[in-house]
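Reader: Hi! Could you walk me through this one, step by step?
Author: Happy to, let's have a look together.

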Amino acid sequence: MTRSKGGTAYIGGVGLTPFGRLEGLDTLDLMSWAANECLSNAGLIRAEVDGLVTGYSTTMPHLMLATLFAEHFGIEPSYCNGLALGGATGCAAIMLGKMLVESGQCGNVLVVAGENRLSSKGGRNSAIQTLAQVGHADFEVPYGCTIPGYYGLLASEYADRHGVREVDLAEVAVHMRGNAAGRSGAHLRTPVSIEDVMASKPIATPLKLLDCCPISDGAAAVLLTSRPAQIRITGAGQAHRHQHVSSIGSIDETGAALSAGRALAQAGRTVDDIDVLGIYDSFTITLTMLLEEIGFSARGRTGIDLREGRYDVSRGGKPMNGHGGLLSYGHSGVAGGMAHFVEVVGSLRGDRNADAGKSGFVHADGGVLSSHVSIVLEAE
Amino acid sequence: MDLPTPRAKSISEGSAVRAYRCTDCGFEHLYARGFCPRCGKTDLQPFSLSGEGRVASVTVLHRAPTPEYESKVPYAVALVDLDEGFRVMGHGPLDVVPGARVSAVFEGSSDAPLNFQPLAKADQ
Ligand SMILES: [Zn+2]
């Protein structure tokens, strides 16, 4: 590949596997599946890919996942990197791809992630133990707290401060399940009611089983290119204000608004301009806090907004996580956070509805609202 | 340049939660680093905290991360805003709620995890 002149980063293609139990496939199999779909969607051959950005895989820990994948998949990129920012990794990798294209360093950057988090040896139990390690090694992990526990603490304080009740959080779970109902690739598609969510077993109070995303197998890929296409990335931003839940300065200023503000400013947009949303939803409280800090919903209003149809396409609302989000499409690590991006690209392309709008916004967080990445997309 | 000394991995010293004040810039911090996270200087003055504070949030865990904790479910984990302005994680009673006044109870070794108990009304 000759070095391109750079400029704008377009979305050349996307790929998303079904999420759920995909027995027998490992990280490389899943990543290859999504990458093949993505290249085919982009109409590119392997030799045209000159940049590769991957995440990490908890089921295939490796010092050099990007190079490992490059060899396996059959590409020889001139730029390679593997990122690790927890749930924000996928969006951070897409942001890096955008920067590589804009700078002219690369012409076609493949961003790909996937893992068999559910069906790997150890499965759920191993994943829960691994994930708990994002807590402070000396001052949090020894207390037996888990990822749902860290988010349960956020939900407890947020309820105390903003009056968000468990039934308000349940609205998020019901809505995401409703979105997933029509998607054959979604991990969880059986509709649930508010009563079902409220009656589900406690995991880390106030969070119950249906407030938590499932652990899934799956993969996703995105191709960023200098070749003009229908969708382009017009803004990207990040914010990193803490790592640990005990070190969050204020639960109302976690960095989400800072990150979103940076991305929107770069795009010359405000939250009111956004037509399609893809917002990280590892737990019902995650989506609630992100929507409210960024400003899509007012403080304490997410549950009410959902009840009133603000995010219900069939009632004239803005589409949000149309695939069902992490809560229902599923969560397979880095790919889980990329699925929102793939979904927003699909919406802007008019895959779901020809009038979906022109401006998209995707936000992901890693850790305990620790790492934030926001991306703004525009359709021609 | 001096070699760094290993940082303290315990949050308490004896029967007190311990924090650090930078003698250079005055910044106070809780988690030991061996340097001031604001200015980077290494001349730090440890000081003891009252161990009393207000519960900011609490979660009761019904799913444990390790086999060791599986036998303990359900157990409560709280974040407590200590009166001196630091937020710490600790164990507490299952029925403790945000807003409650609590105090760290030290039993056994000083590097055991923090355990908070509600202050009697008369103490509040
Ligand atoms: Zn200092």
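**A tour of the model**

Author: Starting from the N terminus, the elements of chain B follow the order β-β-β-β-β-α-β-β-β-β. Helices (H or I, at least four residues) and strands (E, at least two) are DSSP runs, numbered from the N terminus. This is a predicted model, where local features need pLDDT of at least 70 and side-chain atom pairs count only at pLDDT 80 or more, while totals for chains, interfaces and linings use all residues. Residues are numbered from 1 along each chain as its sequence is written, chains are lettered from A and ligands numbered from 1 in the order in which they are written, and side-chain values use heavy atoms, with hydrogens and water left out.

Reader: How many helices and strands does chain B have, then?
Author: Chain B has 1 helix and 9 strands. Its C-alpha trace spans about 50 × 40 × 25 Å along the principal axes.

Reader: And how many residues of each chain are in the contact?
Author: Chain A brings 28 residues and chain B brings 30 residues. Contact means heavy atoms within 4.5 Å.

Reader: What area is buried there?
Author: About 2,500 Å² is buried between chain A and chain B, and carbon and sulfur atoms give 58% of that. In chain A, the residues that lose the most area to chain B are F139(A), Y143(A) and L153(A), together 30% of what that side buries. Buried area is the accessible area (1.4 Å probe) that two parts lose on being put together, summed over both.

Reader: How many salt bridges are there between the chains?
Author: The count is 3 salt bridges between chain A and chain B. In one of them, the side chains of R7(B) and D138(A) meet at 3.9 Å, N to O. The term covers a side-chain nitrogen of Lys or Arg within 4 Å of a carboxyl oxygen of Asp or Glu.

Reader: Which elements of chain A give two or more residues to that side?
Author: Those are α4 (123–132), α5 (147–162) and β5 (202–204) of chain A. α5(A) gives the most, with 7 residues. By class, the side of chain A that touches chain B has 12 nonpolar, 11 polar and 5 charged residues. Here Ala, Val, Leu, Ile, Met, Phe, Trp, Tyr, Cys and Pro count as nonpolar, Asp, Glu, Lys and Arg as charged, and the others, Gly among them, as polar.

Reader: New topic! What volume does the largest pocket have?
Author: Its volume is about 920 Å³. On a 1 Å grid over the protein atoms alone, a pocket is an open set of points where a 1.4 Å probe fits, with protein on both sides within 12 Å along at least five of seven lines, and lining residues have an atom within 4 Å of a point. Grid points are joined across faces, edges and corners, and the volume is the space filled by probe spheres set on the points.

Reader: Which residues lie nearest its centre?
Author: Of the 43 lining residues, L131(A), I147(A), C213(A), I215(A) and F283(A) lie nearest the centre of the largest pocket. α4(A) supplies the largest share of the lining, 4 residues. The lining has 22 nonpolar, 15 polar and 6 charged residues.

Reader: Which peptide bond in chain B is cis?
Author: The one from V73(B) to P74(B) is cis, with omega near -5 degrees. P74(B) sits in the loop between α1 (67–70) and β6 (75–82) of chain B. In chain A, the peptide bond from T205(A) to P206(A) is cis too.

Reader: Last one: where is R21(A)?
Author: R21(A) is in the loop between β1 (9–16) and α1 (27–42) of chain A.
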